[in-house]
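Hi,

Here is the structure I promised to pass on to you. Have a look at it first, and my notes on what turned up are underneath.

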Amino acid sequence: MNGLTFDIAHLLAGGLVLVSFMMLYQDRLFALINVFALHAIVLALSVAWQAYIQDAHHLYVTAAIALVFKAIVIPVGLHRIIQRLGIHRDVETAVGIGTTMLAGIGLVTLSMVLMLRVTPEADPLAREDLAFALSIILLGLLVMVTRRNAVSQVVGFMSLENGLVLAATGAKGMPLVVEISVAFSILIAFIVIGVFLFRIRERFDSVDVGVLDDYRGEHR
């Protein structure tokens, strides 16, 4: 692998981490969903580049699935859910944005140190991708933990799954049947989540998880 090929793969994987930080920074639902769509586009480009450098044509299918479902279908669906439910457009956070960003930097540093130490003999590109993928997974979890709105937590879950896809493709890819089954599992999970969002909104007149805590007699 020449230096330019490695640099482009490194740039795309690092771009995913950068976009994950952009999701942490957003305080509006529509902006958060749009950034998630950008996250999916960068993922599709990264997977397509991996398909090219690995000469693994089935990864082009993975890239297409990410582009169609995650960059178009799911964001459009979330936009419509927000409009149908009349959800408050601001994203309520459990902690401040500054604290969240600092926590994200710490998680990325931990990911880099951990993965580069435990995979010293692995392929350099695979090591880098695994480190970036772990960073994206942890940042997705951070989005879920620090956001109180159920829709923003769904976005965090979807971005977390993007990290898993990057890890699998960077480690010489997955069998095509596994990729397709994962894609449909995510789509089905999104449909189920949409149904639950409507039911929660109908029952509690809100999708803020803090309201659910109050209903159970719990207080933050």
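Confidence comes first, since this is a predicted model. The mean pLDDT over the protein is 78, and 74% of the residues reach at least 70. Of its elements, helix α2 (residues 29-54) has the highest mean pLDDT, 91, while helix α8 (residues 209-215) has the lowest, 52. Where pLDDT is low, the predicted coordinates should not be read in detail. Please keep that in mind when you look at α8, with its mean of 52.

On the overall fold: the protein has eight helices and zero strands, so you will find the element order from the N terminus easy to remember, α-α-α-α-α-α-α-α. Of the 220 residues, 46% count as buried. The accessible surface comes to about 10800 Å², and carbon and sulfur atoms hold 67% of that area. Among contacts with a separation of 6 or more, 75% are between residues 24 or more positions apart.

One helix pair I looked at in more detail is α1 (residues 3-25) with α5 (residues 124-146). Their axes lie 9 Å apart and the packing angle is about 10°. Because angles under 35 degrees count as roughly parallel, α1 is roughly parallel to α5. The α1 side of the contact includes Phe6, Leu16, Val17, Phe21 and Leu24, and the α5 side includes Leu125, Phe132, Ile136, Leu139 and Val143. By class, the contact is made up of 14 nonpolar, four polar and two charged residues. The charged ones are Glu128 and Asp129 in α5, and His10 in α1 is among the polar ones.

Two single residues also caught my eye. The backbone of aspartate 55 has a positive phi of about 55°, although this residue is not a glycine. Most residues other than glycine have a negative phi. Is aspartate 55 buried or exposed? With a relative accessible area of 56%, aspartate 55 is exposed, because the cut-off for exposed is over 50%.

The other is arginine 117, which lies in helix α4 (residues 97-118). Arginine 117 is exposed as well, with a relative accessible area of 67%. Its C-alpha atom is separated by 9.5 Å from that of arginine 127, 10 residues apart along the chain.

Happy to talk any of this through whenever it suits you.

Best wishes

Conventions. Residues are numbered from 1 along each chain as its sequence is written. This is a predicted model: local features need pLDDT of at least 70, side-chain atom pairs count only at pLDDT 80 or more; totals for chains, interfaces and linings use all residues. Side-chain values use heavy atoms; hydrogens and water are left out. Axes are lines fitted to C-alpha atoms, for helices over the stretch in contact, and angles run from 0 to 180 degrees between N-to-C directions. Helices (H or I, at least four residues) and strands (E, at least two) are DSSP runs, numbered from the N terminus. Angles under 35 degrees count as roughly parallel, over 145 as roughly antiparallel, 65 to 115 as roughly perpendicular and the rest as oblique. Contact means heavy atoms within 4.5 Å. pLDDT is the predictor's confidence in each residue, from 0 to 100. Buried means under 20% relative accessible area, exposed over 50%, partly exposed in between (1.4 Å probe, protein chains only). Accessible areas come from the Shrake-Rupley method with a 1.4 Å probe; for residues, only the protein chains shown count as cover.
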